[in-house]
Amino acid sequence: MESPEVTFTLAYIVFSFCFVCAPNEFRSAGLTIQNLFSSWLGSEDVGFTQYHIRRTSITVLVHSALPLGYYMGMCIAAPEKQLGYIHQLHEKRAFLLLSLCLQLASWTLVIYWSRSHWHNHPISQALQAHIQPSHPSWGSVAANMNTEFRRIDKFATGVPGARVIVTDNWVLKVTTYHVYMALQSECHVTVTESQQHQLSPDSASPAQILTFRVGSINPAVKPFDIRLNSTEYPELREKLHVPIRNSANVVIGHTISELFLETFRAQVDLNQPYILPSGQEIEPCIGCMQVPANTKLVKLCHVEGVCVCVRCFCRPMWCLSCLGRWFASRQDQQRPETWLSSRVPCPTCRAKFCILDICIVR
């Protein structure tokens, strides 16, 4: 039978590892720095930079207290060791002194960071590297970053301790102890590595993880790496204003949705076109408002027996890309082999149609 000391030690190691790395189970249970100290941290949406300055500071304090917490827990788990009597300690005295020194050093560091309204904090120092005539102080740079973070059109992915955020002017990487940042107008992004994972916690299909190197022409900004799933690459590329270079000849795989859209377009091109009546004007697609609506649903399929498809009386309102995305979004994501043969409701009138009923407007 294992002793209480060994049992507590193994349990505390597992707890400390999970508390620092914060897996999904711990985040669901609220055992994270962000949740436990939410009342002091404030809202990330209101003040992004101030929130992470406080978050990284309290993270340093709490993580540095884990060794001391182990010692205090051991006093309860193994009272026969008499660890509470400091003057009688021999074997554990060095560990206790090291734990106290680590905690004292972390408090000294955080107090130093907090001087002059957190002027010495690493995030504040990183903001100072982006001071420009339009933003003469790191506070104005932080205010600009806060404003852009509040916008709903930003690109954001990842868990709270390892997030990638791209706004109109910033590329940000949020980690446990720091926030890396680079201006889009000054940075260059390069694909450096690709990793294939056969098992993915988010989907049944294999996942491709891409690594990007974000560098800057600003010598005060250190380059950093960001990692994300290849399925998020199109959204990242759309938000970035700079071209993405591929230095390692990495082949970026297409997602199932992208492969389906290619097949979807090829099949629709084989269907009978729809001749627009004279005098009728083509309006912009109501899905993206970027291109003209170039599709019309016309019941053309012929199925023996009962036909599920219904005639649609809507005028051309959708472009082929938006209609294809709608078609894919209504499918069983675990059975992509059934997508082309299935039927979905019209996004406007809900009349059932299949891929043979989609006509290109001429």
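**Exercise 1. Locate Asp-357 and describe its surroundings.**

Step 1: place it. Asp-357 sits in the loop between strand E11 (352–353) and strand E12 (358–360). Strands (E, at least two residues) and helices (H or I, at least four) are DSSP runs, numbered from the N terminus.

Before going on, note the source. This is a predicted model, in which local features need pLDDT of at least 70, side-chain atom pairs count only at pLDDT 80 or more, and totals for chains, interfaces and linings use all residues. Residues are numbered from 1 along each chain as its sequence is written, and side-chain values use heavy atoms, with hydrogens and water left out.

Step 2: check burial and charge. Asp-357 is buried but has no salt bridge. Buried means under 20% relative accessible area, exposed means over 50%, and partly exposed lies in between (1.4 Å probe, protein chains only). A salt bridge needs a side-chain nitrogen of Lys or Arg within 4 Å of a carboxyl oxygen of Asp or Glu. The nearest side chain of opposite charge is Arg-343, 6.2 Å away. For charge, Lys and Arg count as positive and Asp and Glu as negative; His and the chain ends are not counted.

Step 3: look for a polar partner. A polar atom of the Asp-357 side chain lies 2.9 Å from the backbone nitrogen of Leu-300.

Step 4: list the contacts (heavy atoms within 4.5 Å). Neighbours within four places in sequence are left aside. Asp-357 then touches Lys-296, Leu-297, Val-298, Lys-299, Leu-300, Cys-301 and Cys-309.

**Exercise 2. Find which residues touch the most other members of the largest nonpolar core.**

Step 1: define the set. A nonpolar core is a set of buried Ala, Val, Leu, Ile, Met, Phe, Trp, Tyr and Cys residues joined through side-chain atoms within 4.5 Å. In soluble globular proteins, nonpolar side chains tend to be buried together.

Step 2: name the residues. The largest core has 24 residues. Phe-264, Val-268, Leu-297, Leu-323, Phe-353 and Ile-358 touch the most other members.

Step 3: find the suppliers. Helix H11 (256–270), helix H12 (320–329) and E12 each give at least two residues. H12 gives the most, with six.

Step 4: zoom in on Leu-323. Residues up to four places away are not counted. Leu-323 touches Phe-264, Thr-295, Leu-297, Trp-318, Pro-347, Phe-353 and Ile-358.

Step 5: look further. A second, separate core has 21 residues, among them Ile-226, Val-242, Ile-244 and Val-250.

**Exercise 3. Trace the salt-bridge network of Arg-151, Asp-153, Asp-168 and Lys-239.**

Step 1: count. The protein has six salt bridges. Side chains of opposite charge can pair when their charged atoms come close.

Step 2: take Arg-151 and Asp-168. Their closest N and O atoms are 2.7 Å apart. Arg-151 is in the loop between helix H9 (138–149) and strand E1 (155–159). Asp-168 is in the loop between strand E2 (162–166) and strand E3 (170–174). The two are 17 residues apart. Arg-151 is partly exposed, at 34% relative accessibility.

Step 3: take Lys-239 and Asp-153. They meet in a salt bridge of 3.4 Å, N to O. Lys-239 is in helix H10 (residues 233–239), and Asp-153 is in the loop between H9 and E1, 86 residues apart. Lys-239 counts as buried because its relative accessible area is 12%. Asp-153 is partly exposed, at 44%.

Step 4: take Lys-239 and Asp-168. Their salt bridge is 2.7 Å, N to O. This pair is 71 residues apart.

Step 5: join them. Arg-151, Asp-153, Asp-168 and Lys-239 form a network of salt bridges.

**Exercise 4. Check the length of helix H1 (residues 4–21), then look at what follows.**

Step 1: compute the span. The expected span is 1.5 Å times one less than the number of residues. H1 has 18 residues, so 26 Å is expected.

Step 2: compare. The end C-alpha atoms are 26 Å apart, which agrees.

Step 3: list the buried residues of H1. They are Glu-5, Thr-9, Tyr-12, Ser-16, Cys-18 and Phe-19.

Step 4: move past the end. Ala-22 follows H1, with a positive phi near 55°. Ala-22 lies in the loop between H1 and helix H2 (24–29). Ala-22 is buried, because its relative accessible area is 15%.

Methods. Polar contact = N/O pair within 3.5 Å; in protein donor to acceptor, adjacent residues only side chain to side chain.
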